[in-house]
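Q: I'm new to this one and would like a close look at a single part of it. Could you start with the overall picture and then zoom in?

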Amino acid sequence: MYYGAIKKYDVANGEGVRISLFVSGCTNACEDCFQPETWDFRYGSAYTKETEQEILDFLDNSFCAGLSLLGGDPFEIANQREVVQLCKKAKEHHPEKNIWAWTGFLLDQDLLEGGKRHCEVTDELLSYIDVLVDGPFMKDRKNLSLAFRGSENQRVIDVKKSLQQQDIVLYLP
Ligand code: SF4
């Protein structure tokens with residue numbers, strides 16, 4: 001896996017002070033995507049064990065509320081297989097901290113069993129995610145006043161409640 005950036009002390013992508021990983025690779029091709037350079041699965045730097053450790057070390061800070069995963073798209077299958085390991089370790093070290101993720105795919109249509117981005121690690125990965133912002137960016141539904149999303153079709157989902165209830169439950173801060 002490659003990544004475009006790691007943002008420490010991030011206060012824009014999720015609640016509280018966070019560390020954010022922007023992975024590379026996205027096939028959603030949303031019109032007016034704000035970072036089309038990240039569609040390339042080889043954009044940026046190689047994600048290594050040292051990269052993973054750097055993220056886990058920052059999570060150890062008591063002021064850090066959690067980890068955010070953005071892209072590109074963390075739910076591209078090639079990315080899921082790496083991201084799941086990071087999430088697993090993050091939750092082992094800090095079960096009290098939350099993980100937010102952004103994807104252009106849809107939780108109920110694409111990421112659950114039978115969906116086009118469901119693979120052997122997807123269920124495990126979803127078990128670690130607390131909040132998922134899903135859906136493609138749609139330029140005709142763009143709204144700059146929305147929190148944590150760029151267009152009105154996108155949903156801020158409470159993943160644990162949604163999986164328990166087998167229905168989409170929106171996240172209420
Ligand atoms: S999902 Fe995100 S990175 Fe991918 S094309 Fe859409 S806006 Fe761009």
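What percentage of the 173 residues of the protein count as buried? After that, please take me through the sheet, strand by strand.

A: Of the 173 residues, 38% count as buried. Buried here is a matter of counting neighbours: 20 or more other C-beta atoms, placed from the backbone, lie within 10 Å of the residue's own, while 12 or fewer makes a residue exposed and anything in between partly exposed. Keep in mind that this is a predicted model, where local features need pLDDT of at least 70 and side-chain atom pairs count only at pLDDT 80 or more, while totals for chains, interfaces and linings use all residues. Residue numbers start from 1 along each chain, as its sequence is written.

Now the parts list. There are five helices and seven strands; these are DSSP runs numbered from the N terminus, with at least four residues of H or I for a helix and at least two of E for a strand. Reading from the N terminus, you meet β-β-β-α-β-α-β-α-α-β-β-α. Along the principal axes, the C-alpha trace spans about 40 × 35 × 35 Å.

On to the sheet. The seven strands form an open sheet with mixed pairing, and their order across it is β3-β1-β2-β4-β5-β6-β7. Two strands pair if DSSP finds at least two bridges between them. At the edges stand β3 (45-46) and β7 (155-158), each with a single partner strand, so one side of each is left without a neighbour in the sheet.

Let's walk across, beginning with β1, which covers residues 2-10. β1 runs antiparallel to β2, and six bridges join the two. One spot to look for is Lys7, whose bridge partner in β2 is Ser20.

β2 itself is well tucked in. Six of its six residues are buried, so β2 is largely enclosed by the rest of the structure. Arg18, Ser20 and Phe22 point one way, Ile19, Leu21 and Val23 point the other way, and every one of them is buried. On to the next neighbour: β2 pairs with β4 in the parallel sense, over five bridges. There, Phe22 has Leu70 of β4 as its bridge partner.

From β4 we step to β5. These two run parallel and are joined by four bridges, with Ser68 having Trp100 of β5 as its bridge partner. β5 is mostly covered, as five of its five residues are buried. Asn98, Trp100 and Trp102 point to one side of β5, with Ile99 and Ala101 pointing to the other.

Next comes β6, which pairs with β5 in the parallel sense over three bridges. Trp100 turns up again here, since it stands opposite Val131 in β6. Both faces of β6 are covered: Val131 and Val133 are buried on one side, and Leu132 and Asp134 are buried on the other.

The walk ends at β7. Here the direction changes, with β6 and β7 running antiparallel and joined by four bridges. Leu132 has Ile157 as its bridge partner in β7.

Leu132 deserves a second look. Leaving aside neighbours within four places in sequence, Leu132 is in contact with Ala101, Thr103, Leu107, Ile157 and Val159; contact means that the C-beta atoms, placed from the backbone, lie within 7 Å. Leu132 also belongs to the largest nonpolar core, which has 35 residues. Such a core is a set of buried Ala, Val, Leu, Ile, Met, Phe, Trp, Tyr and Cys residues joined through C-beta atoms within 7 Å. The members touching the most other members are Leu69, Cys87, Ile99, Ile129 and Leu132. Several strands from our walk give two or more residues to this core, including β2 (18-23), β4 (66-70), β5 (98-102) and β6 (131-134). Helices chip in too, with α1 (49-59), α2 (77-93), α3 (107-111) and α4 (122-128) also giving two or more each. The largest share, five residues, comes from α2.

One last number for the whole chain: among contacts between residues at least 6 apart in sequence, 65% join residues at least 24 apart.

Conventions:
Contact = placed C-beta atoms within 7 Å.
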